[in-house]
Amino acid sequence: MEKLYEGKAKVVYATDEPQVLRIHFKDDATAFDGAKRGSIGGKGYCNAHISAYAFRYLEKAGIPTHFLELRPPNEMLARRVRILPVEVVMRNIAAGSLSARLGIEEGTDLPFALLEHFYKNDALHDPLICEEHIRILGLATGEQIAEVNGMAREVNQHLSSFFSACGLILVDFKLEFGLDSGGRVLLADEVSPDTCRLWDKETRTKLDKDRFRRDLGKVEEAYQEVLRRVRGVHG
């Protein structure tokens, strides 16, 4: 099949159906704008399966997504969408760049879920932007962003419950949205330890990509543990 796009974590292929894409999840891992590179054994398999469980859960909760079908071992079929160049980050607990930017100690519970927008642009290193920037740059319409924001907050509620049932805290996570051929806003990309900070409820042990970013070790084991818990509860 024709390769349409290859990113840091996934490869997207066309299929015989114009509005259906095949997404291959890679074991490649990057951090810090690609300054750190490596491979996490089994990451593609874990991320594909965790994403499939999460998308099915969200669809049942009424969130429209691009997910169609899991194709083992590490691929899925998805609706073709035009990705909006605005990443949404939802934060429930201070960590990562938020702690670095604002000096809030990592692990501090936020008084409410914080929603941030980032311009999806590698050349500019995905800068933090506000809604007025989005309108000035023409990245999305006001109606689209309002819908994206509403969906992101709903997704946060549902995914917090989804992971809580697995003994995990959803610290923060990144979302991407796209428009299908009819202009409908769909949740796209993936839901995985690559895009979510996940901590064990009891010990607050990190079970996500931060283990790779921060050289904490046992990276493969962390991804496998998240999948094991998700499969045990939602499988």
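**Stop 1: a hairpin.** Start by selecting residues 28–31 and 36–39 in this predicted model. These are strands β4 and β5, which form a hairpin with 4 residues between them. Colour Phe32 in the turn: its phi is positive, at about 55°. The two strands run antiparallel and are joined by 4 bridges. To see one of the pairings, click on Ala29 in β4 and look across to Gly38, its bridge partner in β5.

**Stop 2: two helices that cross.** Now select α1, residues 43–60, together with helix α6, residues 219–234. At what angle do the axes of α1 and α6 cross? The answer is roughly 30°, and the axes come within 10 Å. The crossing of α1 and α6 is left-handed. Show the side chains where the helices touch: on the α1 side, look for residues including Tyr45, Cys46, Ile50, Tyr53 and Tyr57. On the α6 side, the contact includes Tyr223, Val226, Leu227 and Val230. Sorted by class, this contact has 9 nonpolar, 4 polar and 2 charged residues.

**Stop 3: Arg56.** Stay on helix α1 and pick Arg56. With 36% relative accessibility, Arg56 counts as partly exposed. Next, add Phe67 to your selection. Arg56 and Phe67 are 11 residues apart in sequence, and their C-alpha atoms are 7.8 Å apart in space. Leaving out residues up to four places away in sequence, Arg56 touches Phe67 and Leu70.

**Stop 4: His66.** Move on to the loop between α1 and β6 (67–71), where you will find His66. Is His66 buried or exposed? His66 is buried, because its relative accessibility is 4%. Show what surrounds this side chain: beyond neighbours within four places in sequence, His66 is in contact with residues including Ile23, Phe55, Met76, Leu77, Leu186 and Asp189.

**Stop 5: the cysteines.** Finally, select Cys46, which you met in the contact between α1 and α6, and then Cys166. A disulfide is a covalent bond between the sulfur atoms of two cysteines. How many disulfides does a search of the whole structure find? The search finds 0. Cys46 has no such bond because the closest cysteine sulfur, in Cys166, is 14 Å from its own, too far for a bond. For Cys166, the closest cysteine sulfur is in Cys196, 12 Å away, which is also too far for a bond. Check the surroundings of both residues too: Cys46 counts as buried at 3% relative accessibility, and Cys166 counts as buried at 7%.

Methods:
Residues are numbered from 1 along each chain as its sequence is written. This is a predicted model: local features need pLDDT of at least 70, side-chain atom pairs count only at pLDDT 80 or more; totals for chains, interfaces and linings use all residues. Side-chain values use heavy atoms; hydrogens and water are left out. Two strands pair if DSSP finds at least two bridges between them. Buried means under 20% relative accessible area, exposed over 50%, partly exposed in between (1.4 Å probe, protein chains only). Contact means heavy atoms within 4.5 Å. A disulfide is a pair of cysteine sulfur atoms within 2.5 Å. Axes are lines fitted to C-alpha atoms, for helices over the stretch in contact, and angles run from 0 to 180 degrees between N-to-C directions. A crossing is left-handed if the near helix is turned anticlockwise from the far one by less than a right angle, and right-handed if clockwise. Ala, Val, Leu, Ile, Met, Phe, Trp, Tyr, Cys and Pro count as nonpolar, Asp, Glu, Lys and Arg as charged, and the others, Gly among them, as polar.
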